[in-house]
Amino acid sequence: MINRLERKKSINIGKHKVGAGHPCFIIAEAGSNHDRKLEQAFQLIDVAAEAGADAVKFQTFSAETLYSRKAPMVSHIRKTKLSEKGETLWDVIKRVEMPRKWHAPLAEHCRKRKIIFLSTPFDEKAVDELEAVGVPAYKIASVDITNMPLLRKTARTGKPIILSTGAANLADIETAVNVIHSEGNKSIILLHCVIKHPPEFEDLNLRAMETMRLALHLPVGFSDHTRGIVADVAAVALGACVIEKHFTLNRSLPGPDHPFALEPDELKEMCQAVRLTEKSLGSPLKRVTPAEAEHILLSRRSLVAARDIKKGKTITRSMLAVKRPGCGIPTDMMNIIIGRKARINIEHDEILMWEMIE
């Protein structure tokens, strides 16, 4: 069983602390949107760095170890006509897989651009290859939450594991977490996810993040496949400590992940929106903020003379008005003021102060 006393308050990914109370860790998901062009992959890294993402992530898979040659075509690939005539699903995957010799140049380009290089391993060999270039963490795809050999292999690196949970229930997640823990690795971040490309908003169920957080006592984020940035902002407002989002150079490019990905300007907008959302969340304390102090003085009301009031005159209700600003006698003191006498001559519209009243 999960030892909930061993949970970490934060997890280090490179120089970033990830978890409650720390800035949301933004992963720009390049996926397969490099279209097997190394220069395009470099451009994707540049876009992610310039947008303000913390990490850029690719995917390390091979058709030979990922799919049976007999596997049926995936519906979203068929619907978007991404497969060429006569192609099987295996053929499509083979056509979009990233050459593994790219790991080193991509990691180096990320170092130059001061952004973290990540890639999702889809087989055990990929873990060794990514270890060789020094990735600081591993992202495990939702579809591999029951791939115990891969979970164990990744866990044994001792690196943080970001585990997507699309199409999984709490029992599936707890089993995967226990497997990772059994290898001595306690650095786990869960990502809520819906594995549809793109999902409908009514299918997102973002409140499940809180259920996962309470049930498993682990940091929880959101891996998003929706179009636009609304869901990402909502997830951060609900406490997501990681946001993962697909992006592309151009949605019109051919390939399985381009159609629902953000374009460069949109990725930058999302990163800015996440940071503004974090600032907006502030503190749970309900108090007067420094920014509100002047507005309170100018906008709240106090007691004001409704007409001239002679010295020694007994104050009646008709002599009082309630007006801005709020720097005079508070309005809830009206019944205490009525019946008392003016200590001095008070002019019409003058803000009443205690020293004016006997």
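Mentor: A nonpolar core is a set of buried Ala, Val, Leu, Ile, Met, Phe, Trp, Tyr and Cys residues joined through side-chain atoms within 4.5 Å, where buried means under 20% relative accessible area (1.4 Å probe, protein chains only). This is a predicted model, in which local features need pLDDT of at least 70 and side-chain atom pairs pLDDT 80 or more, while totals for chains, interfaces and linings use all residues. Residues are numbered from 1 along each chain, and side-chain values use heavy atoms, without hydrogens or water.

Trainee: Which helix gives the largest share of the largest nonpolar core?

Mentor: This core has 63 residues, and among those touching the most other members are Val56, Phe117 and Leu163. Eight of the core residues come from one helix (a DSSP run of H or I, at least four residues) spanning residues 38–51, namely H1.

Trainee: Which residues nearest the centre line the largest pocket?

Mentor: A pocket is an open set of 1 Å grid points where a 1.4 Å probe fits, with protein on both sides within 12 Å along at least five of seven lines; lining residues have an atom within 4 Å of a point. Here 30 residues form the lining, and those nearest the centre are Gln59, Tyr67, Phe122, Val143 and His197.

Trainee: Which helix supplies the largest share of that lining?

Mentor: Helices H3 (75–79) and H4 (89–96) each supply at least two residues, as do strands S4 (55–60) and S10 (242–246) (strands are E runs of at least two). The largest share is three residues, from H4.

Methods:
Buried < 20%, exposed > 50% of the residue type's maximum accessible area, 1.4 Å probe, protein only.
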